[in-house]
Amino acid sequence: MRGLMTEFKLMTQNPPDGIDAGYVTEDNFFEWEAAITGPEGTYFEDNVFNAKLEFPMDYPLNPPKMKF
């Protein structure tokens, strides 16, 4: 969980362009929501893609599940 908390801190302090992500509730730090904005100059420009991420308890040894 410590690694996941570090990643959350990095996402809030210096988020990548076009990505907004964070946990859904403080009760479950392993469930996140994300909004990904399509890059400028592409077919996806001005679109926002919402996703739900579920991190396993043994993250980062196993990857999260992601659903759009």
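Among contacts in the protein chain between residues at least 6 apart in sequence, those joining residues at least 24 apart make up 20%. The structure is a predicted model. Its protein chain has 68 residues, and 19% of them count as buried. The C-alpha trace spans about 40 × 25 × 20 Å along its principal axes. About 5,400 Å² of the protein chain is exposed, with carbon and sulfur atoms supplying 53% of that area.

**Elements and sheet**

One helix and four strands account for the secondary structure of the protein chain. Read from the N terminus, the order of elements is α-β-β-β-β. The four strands form an open sheet in the order β1-β2-β3-β4, and their pairing is antiparallel. β1 (19-25) and β4 (65-67) are the edge strands; each has a single partner strand, so one side of each lacks a neighbour in the sheet. From one strand to the next, the twist averages 25°. Helix α1 packs on this sheet, where α1 touches β1 and β2, and the direction of α1 makes about 30° with that of β2.

The pairing of β1 with β2 is antiparallel and runs over six bridges. These two strands form a hairpin, with two residues between them. On the other pairing of β2, with β3, the sense is again antiparallel and there are seven bridges. The table lists individual residues of these strands with the residues that face them.

| Residue | Opposite residue | Strand of the opposite residue |
|---|---|---|
| Isoleucine 19 | Isoleucine 36 | β2 |
| Aspartate 20 | Alanine 35 | β2 |
| Alanine 35 | Asparagine 50 | β3 |
| Isoleucine 36 | Phenylalanine 49 | β3 |

Alanine 35 thus appears opposite aspartate 20 and as the bridge partner of asparagine 50. Isoleucine 36 is likewise the bridge partner of isoleucine 19 and stands opposite phenylalanine 49.

**Nonpolar core**

In soluble globular proteins, nonpolar side chains tend to be buried together. Here the largest nonpolar core has eleven residues: Leu4, Met11, Ala21, Phe29, Phe30, Trp32, Ala34, Ala51, Leu53, Phe55 and Tyr59. Two or more residues of this core come from each of α1 (2-13), β2 and β3. β2 gives the largest share, four residues.

One member of the core is Phe29. Leaving out residues up to four places away in sequence, phenylalanine 29 touches Met1, Leu4, Met5, Phe8 and Tyr23. Of these contacts, Leu4 is also listed in the core.

**Salt bridge**

Searching the whole structure gives one salt bridge. Its partners are glutamate 31 and lysine 52, whose closest N and O atoms are 3.3 Å apart. The pair links distant parts of the chain, with glutamate 31 in strand β2 (residues 28-37) and lysine 52 in strand β3 (residues 48-54), a separation of 21 residues.

Which exposure class do the two partners fall into? Glutamate 31 counts as partly exposed because its relative accessibility is 21%, and buried means under 20%. Lysine 52 also counts as partly exposed, with a relative accessibility of 36%.

**The end of the chain**

Phenylalanine 68 lies in the segment after β4. Is phenylalanine 68 buried or exposed? At 68% relative accessibility, phenylalanine 68 counts as exposed, because the cut-off for that class is over 50%.

Phenylalanine 68 nevertheless has contacts elsewhere in the chain: apart from residues up to four places away in sequence, it touches Ile36, Phe49, Asn50 and Ala51. For asparagine 50, the C-alpha to C-alpha distance to phenylalanine 68 is 5.9 Å, while the two residues are 18 apart in sequence. Among the residues that phenylalanine 68 touches, Ala51 belongs to the largest nonpolar core, and Ile36 and Phe49 stand opposite each other, Phe49 being in β3. Asparagine 50, another of its contacts, is the β3 bridge partner of alanine 35.

Key: Residues numbered from 1 in each chain as written. Predicted model: local features only at pLDDT ≥ 70, side-chain atom pairs only at ≥ 80, totals over all residues. Heavy atoms only, no water. Salt bridge = Lys/Arg side-chain N within 4 Å of Asp/Glu carboxyl O. Buried < 20%, exposed > 50% of the residue type's maximum accessible area, 1.4 Å probe, protein only. Core = buried A, V, L, I, M, F, W, Y, C linked by side-chain atoms within 4.5 Å. Contact = heavy atoms within 4.5 Å. Pairing = 2+ DSSP bridges. Axes fitted to C-alpha atoms, helices over the stretch in contact; angles between N-to-C directions. Areas by Shrake-Rupley, 256 points an atom, 1.4 Å probe, with all protein chains shown as cover.
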